[in-house]
Amino acid sequence: MSDQAEKLRRLRLIEGTAPSDSLPPFGPRPSARSIAVVSGKGGVGKSALVANLALALARRGKKVLLVDGDLSLANVDLLFGLVPKFNLGDVVFGQRTIEEILLTTPDGVRLLPAASGVEELADLDEFRRERLVRELSRLEADLDLLLIDTGSGIGSQTLHWARAADRTLVVTTPEPTAFADAYAMIKVLAGRKLRELPALLVNMVNSARDGRETARRIRVVSERFLGFRPELLGWVPFDDAFPRAVRQQEPLLRMFPHSPSALAISKIAEHLVFEPVPRDPIAVEPEGYFLKVANG
Ligand SMILES: Nc1ncnc2c1ncn2[C@@H]1O[C@H](COP(=O)(O)OP(=O)(O)OP(=O)(O)O)[C@@H](O)[C@H]1O
Ligand SMILES: [Mg+2]
């Protein structure tokens, strides 16, 4: 029996023996698709892109949870002008419930401040850990999509988020240092048994050609040394509207919906909505994203 299956079996056993009022039920099987946004180099626009992608998807009627898994100062909640008082760490230590830490933007994007708490999750005793994972899974059961913003580089926290996700989006810019680091990130991810191949998103391009050329270089090296070509999901032009919106703590799509970068992000969101899910139905795991995160 695989590790994963064994853990699941244990969970079911516990479910069968625990007093019914001590653990919240698993509820309907979580079916939300999870996408982790990562980068090799910092400052390439992950948080800005993921916040606006979440907004674009919410406007298309998708139930989206944006998970802020980044400890850096430029948190996604700030991009929405929201400042969370608590985070997942407070839930882990039993001071708050998930509902109390969850924020909702006026566009309907739900936001989970999770930058702290994930590593601690692994250290919790089994009962408390399970209770928390069940609460998170309950949340997940009511979602279409989870978008996870991560810190830059191949830190353990980022890899933790990425490994549990269905899909990873590697953000880069056309700068040589950024795309060299993007390739390094893809290489690390490729060694981690991902569920799907990572996809590329090129930000701050000067032209469509710039975007395609950056992606081509990464794809060529990747094909040669790793044996696969990451898909190019799209590119977003360099656009002054972006830092202007960030300074106002307003998402770009709300403040400058007709700017070139907002239009590019909407197009990428459209692609994500209609993306066929390349899953072998037999291999579908009957567990949600947060259970995979907790299981490491
Ligand atoms: N397409 C763009 N055009 C112009 N500026 C952009 C664009 N995308 C992002 N930016 C700007 O780049 C800066 C860095 O963006 P952001 O904080 O989202 O990067 P990040 O990858 O999340 O950084 P970190 O690695 O520190 O988490 C922000 O000031 C943002 O406004
Ligand atoms: Mg960021």
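Met204 sits in strand β7, and in this predicted model its backbone does something a little odd: phi is near 60 degrees, a positive value in a residue that is not glycine. Met204 counts as buried because it has 23 C-beta neighbours inside 10 Å, and the cut-off is 20 or more. A second non-glycine residue with positive phi is Gln249, at about 55 degrees. Gln249 is found in the loop between α11 and α12 (252-255). Its surroundings are partly exposed rather than buried, because 14 other C-beta atoms lie within 10 Å, which falls between the limits of 12 and 20.

Stepping back to the whole chain, the protein has 296 residues, of which 43% count as buried. Its secondary structure comes to 14 helices and eight strands. Contacts reach a long way along the sequence: taking pairs at least 6 apart, 78% join residues at least 24 apart.

The strands come together in an open sheet of eight, ordered β3-β4-β2-β5-β1-β6-β7-β8, and the pairing is mixed. At the edges are β3 and β8 (231-237), each of which pairs on one side only. Two helices can be placed against this sheet. Helix α9 (residues 176-190) lies across β1 (33-38) and β6 (167-172), and runs at about 160 degrees to β6. Helix α13 (residues 260-274) lies across β7 and β8, and here the angle of about 160 degrees is to β8.

At the β3 end of the sheet, the details of the pairing can be followed residue by residue. Strand β3 (residues 103-104) runs antiparallel to β4 and is joined to it by two bridges. In these bridges, Thr104 partners Arg110, while Leu103 partners Leu111. The two strands make a hairpin with five residues between them, and Gly108 in the turn has a positive phi of about 90 degrees. On the other side, β4 (residues 110-113) pairs with β2 (residues 64-69) in the parallel sense, over four bridges. Arg110 turns up again here, standing opposite Leu65.

Leu112 also belongs to β4. It is buried, because 25 other C-beta atoms lie within 10 Å, against a threshold of 20. Once neighbours within four places in sequence are set aside, Leu112 contacts Leu65, Val67, Asp68, Leu88 and Leu102. Ile98, 14 residues away along the chain, has its C-alpha atom 8.5 Å from that of Leu112.

As for the interior, the largest nonpolar core takes in 80 residues. Those with the most contacts inside it are Val37, Leu53, Ala54, Leu66, Leu147 and Ile265. Helix α2 gives the largest share of this core, ten residues. Ile265, one of the residues with the most contacts in the core, touches Leu49, Asn52, Leu53, Ala56, Val236 and Leu253, again leaving out residues up to four places away in sequence. Helix α8 (residues 156-164) has its own buried residues, namely Thr158, Trp161, Ala162 and Ala164. The cover over these residues includes the strands β1, β2, β5 (145-150) and β6, along with the helices α9 and α14 (289-295).

Finally, there is the surroundings of ligand 1. The shell holds 22 residues, and Gly42, Gly45, Ser47, Ala48 and Ser152 come nearest. By class, the shell is made up of nine nonpolar, ten polar and three charged residues. Elements that each supply at least two shell residues are α2 (46-59), β7 (199-205) and α11 (241-247). Two of these elements have already come up: α2 as the source of ten core residues, and β7 as the strand that holds Met204.

Key: Residues are numbered from 1 along each chain as its sequence is written. Chains are lettered from A and ligands numbered from 1 in the order in which they are written. This is a predicted model: local features need pLDDT of at least 70, side-chain atom pairs count only at pLDDT 80 or more; totals for chains, interfaces and linings use all residues. A residue is near a molecule or strand if its C-beta atom, placed from the backbone, lies within 6 Å of it. Ala, Val, Leu, Ile, Met, Phe, Trp, Tyr, Cys and Pro count as nonpolar, Asp, Glu, Lys and Arg as charged, and the others, Gly among them, as polar. A nonpolar core is a set of buried Ala, Val, Leu, Ile, Met, Phe, Trp, Tyr and Cys residues joined through C-beta atoms within 7 Å. Two residues are in contact if their C-beta atoms, placed from the backbone, lie within 7 Å. Two strands pair if DSSP finds at least two bridges between them. Axes are lines fitted to C-alpha atoms, for helices over the stretch in contact, and angles run from 0 to 180 degrees between N-to-C directions.
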